[in-house]
Each structure stands twice: as C-alpha cells, then as structure tokens.
Amino acid sequence: MFPFLFVVLLSLSWRINASALPVQEFLHCLSLRSQNSSIAKLVYTQNNSSYSSVLKSAAQNFRFTTPSTPTPLAIVTPLHAFHIQAAVYCCRKHGLQVRTRSGGHDFEGLSYTSAYEVPFVVIDLVNLRSVRVNVEKATAWVESGVTVDELYDEIARKSKTLAFPAGICPTLGVGGHLSGGGYGLLFRKYGLGADNVIDARLIDVKGRILDKKSMEEDLFWAIRGGGGGTFGIVLAWKLKLVAVPANVTVFTVRKTLEQNATKLVHRWQSIAHKFPKEMYPSIAIARVNSNEDEEKMTIQASFTSMFLGSIEELIPLMEEKFPELGLVKEDCLEMSWAESNLYTSLYILRSPSETLLNRNQKSSISKTFFKAKSDFVKQPIPEPAFEGLWSKFYEDEAKSASMLFVGFGGKMDEILETEYPYPHRAGNLYTILYTVDWEEKENINSEKFMSWMRRVYNYMTPYVSQSPREAYINYRDLDIGTNKINNSKRSYAKARVWGVKYFKNNFNRLAKVKTIVDPQNFFRHEQSIPPLLL
C-alpha cells in the first residue's frame with residue numbers, strides 16, 4: 001500500500017510542478033529578454049496577491065470573471081515597447097497564446113480570457129496611456145491603453161473646435177476600438193475612428209516595430225478595422241482630428257407605446273439615414289413602468305441625437321424632416337462636443353452620472369453580466385413586426401434588456417466597403433445593438449437571459465440583412481461561429497462562417513494579409529483571422 005501511495009503522491013507532485021513549469025520558464029525568459037530586471041514588477045502570476053484585482057480591473061463583462069472562467073498564466077502590464085517585444089518572444093518560445101487588452105470591452109471577454117482550455121498570457125496595455133495632441137496639424141498620437149474619454153478630455157484641453165470620431169462609451173480602450181472600426185457621434189460626418197487613422201506603430205510576430213511605411217499598404221489597411229488580436233499588437237495610433245463647432249446641440253425625447261412610440265419608430269427608419277451629416281440619430285428601446293399606471297409595464301423609445309450646430313438651426317430642421325416627434329427648444333441642450341459624448345452615454349447606455357475620467361463606470365455593456373448581438377437593417381421593418389418584438393420585452397428575462405438603433409447614411413454612404421476592412425457602408429438604414437444584462441445573484445441562471453437574447457435575434461431574422469446576416473466585429477458574438485482550437489487545415493473554412501458576417505468580401509483579403517505577416521498563426525483567438533494555408 002505504501003509504495004503505491006508514494007507513486008500516487010510522486011505523480012501528483014510531478015503534475016503540479018509541470019503545470020507551474022510554463023510560468024517559471026516564461027518568467028525566466030522575460031528576465032533574459034527585457035534588458036533589465038524591472039519587468040518583474042510588471043508581471044502578475046496566479047501566486048501574486050494582486051493577480052485577481054489586476055485581471056478584473058478592466059474585465060467589462062462579468063460573465064467572464066466567474067471561478068469557472070479560464071484565466072491567464074500571467075498578466076504583463078508593460079511600460080515600454082521592449083516589454084511587449086519580450087513577452088511576444090517568450091510566448092512564442094514556450095508555446096503560450098497571447099491575449100491583448102486595452103480597455104477590456106471585448107463583448108466575449110477574448111482580451112482577457114479564452115473559451116478554450118489553452119495556456120495563455122494577457123498583455124494588458126493599461127500603462128500605455130500617452131496622448132500627444134498637435135493642434136496646428138490637427139493630429140494626435142495616442143497609445144493603445146488610452147480610453148476614449150481620456151482621448152476626448154485631452155483634445156478638449158487643447159482645443160474646443162477639434163474632435164475625433166470614435167465611440168461614446170467612456171471606458172472603451174482605443175486599441176481594441178480602432179482595431180474593429182469604431183463608430184460614434186461623428187461617424188455620419190467623418191466616418192469611423194479607423195477611417196481617420198493615418199499612421200500606427202505595430203509590434204509584429206517577429207517583434208519588429210513597424211510604422212505605416214515599413215508595414216506596407218495591406219497590413220496598414222488590415223489593422224484599421226480588421227479586428228484585434230490577429231496581426232500583432234498596436235502600440236500607438238496617429239489620428240486625424242476633425243473640426244467641430246465650439247457648441248453642439250443634444251436632445252432626448254421619450255415616447256411610450258401610449259404616446260405613439262411604434263409609429264414614430266417606424267417613421268424614423270425611413271428618415272434617419274437622410275438627415276444631414278451633422279446629425280447623429282439614435283433610438284434606445286427598453287421596458288419601463290407606465291406613466292399612467294405604475295404597476296403596468298410599457299415600452300419606451302428614447303430618441304437621442306447630437307447635432308453639430310445650434311438649437312436655432314436644429315428646430316426648423318426637425319420640423320421639416322421629422323415633425324411627428326414634436327421636438328421643442330425645451331427638449332434641447334447646447335454643450336461642448338466632449339460633454340455631448342458623456343450626455344449621450346448617460347442616456348443611451350444608462351450609466352450613472354460620473355465624470356469622464358472614471359475608468360470604472362457601469363453601464364448596460366460594462367461592469368455587469370451581459371450578452372449582446374448586432375444587426376444591420378436595409379429595409380424598413382413593418383409596424384406589426386415591431387409590435388411582435390415589443391411583446392418579448394414583457395418577458396421576465398427582459399427587465400434589463402435594451403435595443404439601440406443608430407441611423408447610418410451621410411459619410412458612411414460615400415466610403416466604398418472595400419476601402420477599409422469594416423464593410424457596412426452604403427445600403428444600411430441603421431444598425432441594431434441588442435443587450436440583456438443581469439445581476440450577480442442571477443448569474444446562476446444566466447442561460448435563461450442568453451436564451452432570451454437568442455430568441456429575439458431569431459425573431460428578427462426576416463427583417464435584417466441577409467446572405468450574410470451582417471454583424472459588427474466590435475460587438476463580438478461567438479454564437480455566429482468560432483475557430484477551431486488548433487491550427488488545422490480547415491481553419492480558414494471554419495473562420496469564413498463568421499468572418500463574412502463581420503467583413504463580407506473583405507474577409508478573404510484579411511486572410512491573405514494574415515498569411516503574409518503571421519503564416520504560423522501565432523496571434524490567434526476564437527475569432528481571429530486565420531492564414532489561408534497552414
């Protein structure tokens with residue numbers, strides 16, 4: 001018996017030591033490659049008391065912070081480019097996958113976890129936070145760990161009439177946001193954030209630092225909307241800033257079903273994409289208590305817009321284009337462009353009233369448990385279809401569900417779908433973001449909320465884009481397909497299932513770029529672009 005017990009204990013000891021071995025080898029490799037010993041203070045392993053807090057600090061979807069969620073062997077928080085170069089080299093050498101995190105807003109948590117049981121390291125860019133604005137040239141160099149609120153704040157400090165067309169969620173990391181396109185209040189006037197990137201500094205699979213000139217045209221094209229975690233790690237982006245008036249106008253008008261919301265939403269579909277480029281039109285749909293009877297539930301449509309102009313200019317425009325809404329001066333506020341982003345995020349994302357520079361703001365898509373999906377609408381949805389949709393919001397799982405409609409048109413109609421990887425341009429009336437969130441105590445029954453989301457998504461099938469049913473990469477959704485866990489010969493065919501939904505015909509060009517710059521598919525995850533052949 002005792003010899004057998006000795007063998008069992010010896011075997012268990014060997015397994016524990018073997019599991020610890022990759023971490024030890026990785027750390028030893030880092031110390032040799034990082035030019036000095038300071039990197040040790042920037043690495044958190046599972047034995048470190050701060051490991052959990054660092055991992056969760058930018059985990060925006062709490063679905064991926066549970067005890068069953070796969071966690072990284074180590075988290076590297078680089079201060080300099082050579083720290084990242086060392087981490088990439090050592091991960092390659094020791095067979096570890098890399099996850100790169102800027103703001104942690106990947107909807108499926110792929111910047112800090114994995115759906116597969118594979119050893120991986122997180123490179124967290126939280127310390128790369130430099131923003132350098134050049135007012136005279138209307139440009140800015142921005143490191144990938146910067147959040148959009150920090151970017152907007154720095155631009156506003158230097159100029160009241162310059163801006164950048166990125167998203168409204170304050171805690172979005174610039175790195176991931178621009179990698180997938182990035183639309184916000186100015187996209188109908190100036191295009192996506194990625195459309196306004198004019199240079200970048202990228203660390204490739206060989207550890208080289210490349211800029212626009214040295215990375216060549218195809219790779220520079222690919223990193224501006226082709227999705228993060230595929231082509232390398234972008235250290236910093238050079239942005240083209242755009243002109244805005246010193247003050248803009250915002251408004252929110254709320255209408256319930258009893259106030260003709262269905263007809264107004266139906267009408268909005270046909271005119272939102274025709275508004276002047278200076279207008280950002282959106283509708284947030286959610287269930288609320290009825291004003292007439294507190295115990296009765298109803299559906300509320302919140303029409304929120306930002307206009308690059310004054311109240312005096314906006315009112316006659318709305319009277320001409322959308323008189324049914326009944327907008328009046330009292331509904332409107334004038335404020336700076338930077339303030340309008342905070343205003344819009346408060347009303348659309350239901351964030352608490354906090355300052356722009358709080359990285360821990362909570363909303364329906366950050367610092368909560370949630371599931372999200374996206375769609376693109378090319379023909380107006382009939383009124384009866386909306387009525388059928390509203391009924392689903394009365395179900396128990398929909399108490400914290402919402403839908404966001406954002407009108408397209410403007411500049412988006414002028415950019416060819418092949419000019420950048422993001423292809424959803426002309427022909428779209430609006431896009432839809434579906435979200436459902438729930439509380440921690442409800443997470444044990446998370447599947448019922450996920451099922452509700454999938455039922456709504458299935459219900460919408462006849463009314464949205466077809467062949468493919470398009471989706472937005474920054475609203476990542478693993479339901480539409482994932483890569484194989486290993487580098488099999490079928491990787492490209494498997495990835496094409498989801499890839500054409502995000503990128504349409506641009507997927508093939510992205511795969512060709514991947515084949516050239518990373519043929520062994522080192523930078524990979526569940527929805528990364530694979531090379532054409534392995």
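Helices here are DSSP runs of H or I with at least four residues, and strands are runs of E with at least two, both numbered from the N terminus. With that convention in hand, the predicted model can be read from its internal spaces outward to a few notable points of its backbone.

The structure encloses 6 cavities of 30 Å³ or more. The largest of them has a volume of about 790 Å³. Its lining is made up of 49 residues, and those nearest the centre of this cavity are Asp106, Gly173, Gly176, His177 and Asn474. Several elements of secondary structure contribute to this wall: at least two lining residues each come from the strands β3 (97–101), β10 (233–240) and β17 (401–407) and from the helix α5 (174–180). Helix α5 provides the largest share, with 5 residues. In terms of residue class, the lining of the largest cavity comprises 23 nonpolar, 22 polar and 4 charged residues.

The second largest cavity holds about 100 Å³ of space. Around this cavity stand 14 lining residues, and Asn483, Lys484, Asn521, Arg524 and His525 are the ones that lie nearest its centre. Sorted by class, the lining of the second largest cavity has 8 polar, 3 nonpolar and 3 charged members.

One of these lining residues, Asn521, is also of interest for its backbone. Asparagine 521 is found in the segment that follows α14 (506–517). Its phi is near 60°, a positive value in a residue that is not glycine. Asparagine 521 has a relative accessible area of 5% and is therefore buried, the cut-off for that term being under 20%.

Two further sites deserve a look alongside asparagine 521. As background, most residues other than glycine have a negative phi, and most peptide bonds are trans. Alanine 138, which is not a glycine, nevertheless shows a positive phi of about 55°. This alanine sits in the loop that connects β5 (131–134) with β6 (139–143). The other site concerns the peptide bond itself: serine 467 is joined to proline 468 through a cis bond, with omega near 5°. Proline 468 belongs to the loop between α12 (446–459) and α13 (491–503).

Terms used. Residues numbered from 1 in each chain as written. Predicted model: local features only at pLDDT ≥ 70, side-chain atom pairs only at ≥ 80, totals over all residues. Heavy atoms only, no water. 1 Å grid on protein atoms, 1.4 Å probe; cavity = no way out; pocket = protein on both sides within 12 Å on 5 of 7 lines; lining within 4 Å. Points joined across faces, edges and corners; volume = space filled by probe spheres on them. Nonpolar A, V, L, I, M, F, W, Y, C, P; charged D, E, K, R; others polar. Buried < 20%, exposed > 50% of the residue type's maximum accessible area, 1.4 Å probe, protein only.
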